[in-house]
Amino acid sequence: MWDQDDIRAQFCHALSEMYKSEVPLYGDLIDVVWEADAKAVQNSQQSGAPQVIDPDDILPSRHRVERHGAIRLGTAHELATIRRMFAVMGMYPVGYYDLSLAGFPMHATAFRPKSQESLDKNPFRVFTTVLRMELLTEKTRELAKKALQHRNIFTPRLLALLDIAESQGMLTPELSSEFIANGLETFRWHSKATVTQDEYEQLKAEHPLIADVVSFPSSHVNHLTPRTIDIDLVQQLMLDHGMPAKERIEGPPKRVCPILLRQTSFKALEEVVYFKDKSDSYVKGSHTARFGEVEQRGYALTRKGRQLYDQILDKVNSKAAEKGLKGRDYEKLLEESFQEFPDSLPRLHDLGLAYFFYRLTPLGEQSSNQSTNNSQDLRSAVSVRELVAQGLVCYEPLTYEDFLPLSAGGIFNSNLGDVSNSRGLIMNADPDLDGFQRLLGACVADEFHLYEWEVHSAQILHNNEI
């Protein structure tokens, strides 16, 4: 009657089709990603004869449908209701992101599936930010509160369907279709603003993101991000196709063993919007918010690995700020500094810098099938490392399923500008996980715990097998 993975997949597909109709360049971006993946796969095959290889025939099934969206909210009611809405699709708040580090008066979480099984079926994620009202100046705060209290981004039918899902623990196929149709309305673009042009300019002067959150009657999708296996090639192809690509790829530098997340985008569109005037008529204006992002996901790092990553990045950013390095000079410093981070699977594994799944090799399977009277009891082995050394077990890295706040900040700044009248107030703010969870009405999951649990679960399975 109700499969959360299925309804999530249906919703993701419907949202992608809606966004494609609203931002045609997004459809072009999907084509560029397919082209890049096909070339990358072909290059990896090292085939002598030129041929077009369909990446869908090679890559995991989740790859082609993988998307992450981004929305921006303004109130506790909006955040708590979005949480309820995503829960119907098997998506839960994972991770807390303090965006004041990047100069934004916002904090965030990512709604996504928790289990590897659900991620493999459809890894739809939505990076969800909410305004931190305490980081706005008093005048802007009052204007934002006034504008937000008069809007409702959820249809009455959607709210009724959430009550049904929560009380009955299910939705019929017919109600699921209604849920998807009404849920899309929360993310649909509206060109008519709910504020006057003067109010919009006041909000924008404080920070462009504030204007985007407060000025419209929905939490429109700001980007819907496909995944690629070669983001450097996508970046080049965007330029070759005349797309307005941003200047640099955010995240760690290109490596043999990719880690965490690398992102780029085409620059935000300037779209026609209409603002209210004093007579409640509409006057023509413009707004810049929506852009096309692409991501390449690498390996999930352990706490130890993430600590090393953050230490290197902090040194890079401090040195770049001190010397005023930008563009290619910053890229060169980043590449040189990250030579300190091991770049081979054995080193990442043996130093405990990344998370790995383990599985039996053919030799391990053969040993497990032999009579315990005639073979070593593998369950008595001292460590997984010994099993690996004996050729009984092999390992493969876990994919990083989450986000990087500074990379998100770099994408936002490239598209919306880095002009803010209250930057000092924002940059001096402390993280507020407790405040965010009060708005959310729930606790956020720790992403490290989820990765550790997946490894632990796989290890239990492995022990049972042998």
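**Close-up views of a predicted model**

**View 1. Arg328 in helix α13.** Arg328 lies in helix α13, which spans residues 327-337. This view, like those that follow, is taken from a predicted model. With a relative accessible area of 53%, Arg328 is over the 50% limit and therefore counts as exposed. Its side chain is joined to that of Glu335 by a polar contact of 3.2 Å. Glu247 lies 81 residues away from Arg328 along the chain, yet the C-alpha atoms of Arg328 and Glu247 are separated by 9.5 Å.

**View 2. The whole chain, for orientation.** The chain has 466 residues, of which 53% are buried. Its secondary structure comprises 20 helices and twelve strands. Among contacts with a sequence separation of 6 or more, 75% link residues that are 24 or more positions apart. The remaining views show selected parts of this chain.

**View 3. The contact of helix α1 with helix α2.** Helix α1 covers residues 4-22, and helix α2 covers residues 24-45. Their axes are 4 Å apart, and the two helices pack at an angle of about 115°. Which residues of α1 and α2 meet? From α1 come Ser16, Tyr19, Lys20, Ser21 and Glu22, and from α2 come Pro24, Tyr26 and Gly27. Sorted by class, this contact of α1 with α2 contains three nonpolar, three polar and two charged residues.

**View 4. The packing of helix α4 with helix α7.** Helix α4 (residues 76-88) and helix α7 (residues 156-168) have axes 10 Å apart. The angle between the two helices is about 60°. An angle of this value lies outside the ranges for roughly parallel, perpendicular and antiparallel pairs, so α4 and α7 are oblique to each other. Their crossing is left-handed. On the α4 side, the contact is made by Thr81, Arg84, Met85 and Val88. On the α7 side, the residues are Leu158, Leu159, Leu162, Asp163, Ala165 and Glu166. By class, six residues of the contact of α4 with α7 are nonpolar, one is polar and three are charged. A general property of helices is useful when viewing such a contact. An α-helix has 3.6 residues a turn, so residues three or four places apart point the same way.

**View 5. The buried residues of helix α19.** Helix α19 runs over residues 433-440, and its residues Gly435, Phe436, Gln437 and Leu440 are buried. Against which elements do the buried residues of α19 pack? They pack against helix α4 and against the strands β2 (92-98), β3 (106-112) and β4 (125-131). Helix α4 thus appears here again, having been shown in its contact with α7 in the preceding view. After α19 comes Gly441, whose phi is positive, near 80°.

**View 6. The crossing of helix α6 and helix α9.** The axes of helix α6 (residues 138-148) and helix α9 (residues 197-206) come within 10 Å and cross at roughly 125°. This angle makes α6 oblique to α9. The crossing of the two helices is left-handed. Lys139, Thr140 and Leu143 are the α6 residues that meet α9, where their partners are Glu199, Gln202, Leu203 and Glu206. The classes represented in the contact of α6 with α9 are two nonpolar, two polar and three charged residues.

**View 7. Asp198 in helix α9.** Asp198 has its place in helix α9. Is Asp198 buried or exposed? At 65% relative accessibility, Asp198 counts as exposed. The C-alpha atoms of Asp198 and Asp277 are separated by 9.1 Å, although the two residues are 79 positions apart along the chain.

**View 8. Ser215 in the loop between α10 and β6.** Ser215 is found in the loop that joins α10 (208-214) to β6 (223-226). Its relative accessibility is 0%, so Ser215 counts as buried. The Ser215 side chain reaches the backbone oxygen of Ala211 at 2.7 Å. Beyond neighbours within four places in sequence, Ser215 is in contact with Ala193, Thr194, Val195, Tyr200 and Leu203. Leu203 is also one of the α9 residues that meet α6.

**View 9. Leu260 in the loop between α11 and β7.** Leu260 lies in the loop between α11 (231-240) and β7 (261-266). Its relative accessibility is 1%, which is under the 20% limit, and Leu260 therefore counts as buried. What is the phi of Leu260? Phi is near 55°, a positive value in a residue other than glycine.

Methods: Residues numbered from 1 in each chain as written. Predicted model: local features only at pLDDT ≥ 70, side-chain atom pairs only at ≥ 80, totals over all residues. Heavy atoms only, no water. Axes fitted to C-alpha atoms, helices over the stretch in contact; angles between N-to-C directions. Parallel < 35°, antiparallel > 145°, perpendicular 65-115°, else oblique. Left-handed = near helix turned anticlockwise from the far one by under 90°. Contact = heavy atoms within 4.5 Å. Nonpolar A, V, L, I, M, F, W, Y, C, P; charged D, E, K, R; others polar. Buried < 20%, exposed > 50% of the residue type's maximum accessible area, 1.4 Å probe, protein only. Polar contact = N/O pair within 3.5 Å; in protein donor to acceptor, adjacent residues only side chain to side chain.
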